[in-house]
Amino acid sequence: MSRRAASVSDYRPLAKARLPHFLFEYIDGGSYDEVTLRRNVEDLQAIALRQRVLRDVSNLDLTAKLFGKRWAMPVGLGPVGLSGLYARRGEVQAARAAAAANVPMILSTVSACSLHEVAASGHVPWYQLYFVKDRGFVADLIARARDEGCGALVLTVDLAVPGSRYRDARAAGSGLQRMPNLLSRPAWLWDVAIRGRPISFGNLEPIVGKRAPLADFQKWIHDNFDASVSWKDVAWVREQWKGPLIVKGILDPDDAREALANGADGIVVSNHGGRQLDGALSSARALPSIVAAVGGKIPVLADGGVRSGLDVVRMLALGADFVLLGRAWAYALAARGEAGVAHVLSLIEAEMRVAMALTGCTTIGEIDQSVLDRR
Ligand code: GLV
């Protein structure tokens, strides 16, 4: 296997070779039969774009505005749980790469590095919030995001109950059972498990403790995520958070309207990377009707299956204003740390340039339905 990645997808086997089996399965896997996981990729790849020629594409402008800031391109690093374990202090490395590329990064509630640690590196991420039963703790997380100066709060609403991920179940095992596999991953052991200490669940430390093993943490998620959560809770968050509030995990036009009615400043069309309701529509299929329901009143972000700059252009053509990467950056972080994430962002940008030039679009605003080839 080549050790050099030429494309975003090349990072997946490199991540597989470097990570302990259970961690690779955690990023790579989806729920149940992984139907939605596959659909995300396949439906996006099936979108054909209209090739246009002789339109003077010598000057391309990829920049895009979102929540008062102009970004280098309409692309961000979406929240990925436990990414701090893919490389040493992994979320800090990813935040550095995002800041250098001038794209936003969203830090997961279930990160290894705390929000404070990431923000102290000088690159303040947006913050992703989960509802747990202890609302006092949720209020505390919101206050921390405010105190650190996070530019947006991203409320994930599609995890009222966790989807069953059979690959996680198969890969689970006690420390002793994992030992042979861990020993076959010496680069990861040295980089993350030894030099990357202390390993904890940064933002959750006050409730899961400083040295919680992964199994305790997964049990904690199972026991503490709140199935009673409803739109009233979104309104509750809205009262406490004055900055941009993005609701992530919308897959239905009616829910998009509800988000709008409850004060969301943006939504993310997402099926959680195929990790929750298996058999749900892919993001690419769900996107156009949601964009129509929102009617341009708030920005629509989308994730799910994006593995190239061409895929970003496809999402934009389907109506997204901004696109989030998940596994695409997580694999690269696992394989090569900050440099890998920086490389993925540069690949995405270069691929977007080619896709824009050959569809005759010189600005992001020009990428719309007219770019779709429906023949
Ligand atoms: C957490 O958000 C997960 O999908 O594992």
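Hi everyone, let's begin with the core. In this predicted model, the largest nonpolar core has 117 residues, and the members that touch the most others in it are Leu153, Ile267 and Val323. Which helix gives this core its largest share? That is helix 16, residues 327–359, with 17 residues.

Let's stay with Val323 for a moment. Leaving out residues up to four places away in sequence, Val323 touches Pro74 and Val75, then Leu301, Ala302, Asp303 and Val306, and also Val312, Met315 and Leu316.

Next, a pair of helices. Two packed helices are described by the angle between their axes and the distance between those axes. For helix 13 (residues 253–261) and helix 14 (residues 283–294), the axes come within 8 Å and cross at roughly 35°. The crossing is right-handed. On the helix 13 side you'll find Pro253, Ala256, Arg257 and Leu260, and they meet Ser289, Ile290, Ala293 and Val294 of helix 14. Sorted by class, this contact has 6 nonpolar residues, 1 polar and 1 charged.

Now to the ligand. Which residues are around it? They are Gly81, Val110, His272 and Arg275. By class, that shell has 1 nonpolar, 2 polar and 1 charged residues.

Last stop: Gln240, which sits in helix 12, residues 231–240. Why does Gln240 count as partly exposed? Because 14 other C-beta atoms lie within 10 Å of its own, and partly exposed means between the limits of 12 or fewer for exposed and 20 or more for buried. Not counting residues up to four places away in sequence, Gln240 touches Ala139 and Ile142. From Gln240 to Gly360 there are 120 residues in sequence and 44 Å in space, C-alpha to C-alpha. Thanks for listening!

How values were computed. Residues numbered from 1 in each chain as written. Predicted model: local features only at pLDDT ≥ 70, side-chain atom pairs only at ≥ 80, totals over all residues. Core = buried A, V, L, I, M, F, W, Y, C linked by C-beta atoms within 7 Å. Helix = DSSP H or I, 4+ residues; strand = E, 2+ residues; numbered from the N terminus. Contact = placed C-beta atoms within 7 Å. Axes fitted to C-alpha atoms, helices over the stretch in contact; angles between N-to-C directions. Left-handed = near helix turned anticlockwise from the far one by under 90°. Nonpolar A, V, L, I, M, F, W, Y, C, P; charged D, E, K, R; others polar. Near = placed C-beta within 6 Å.
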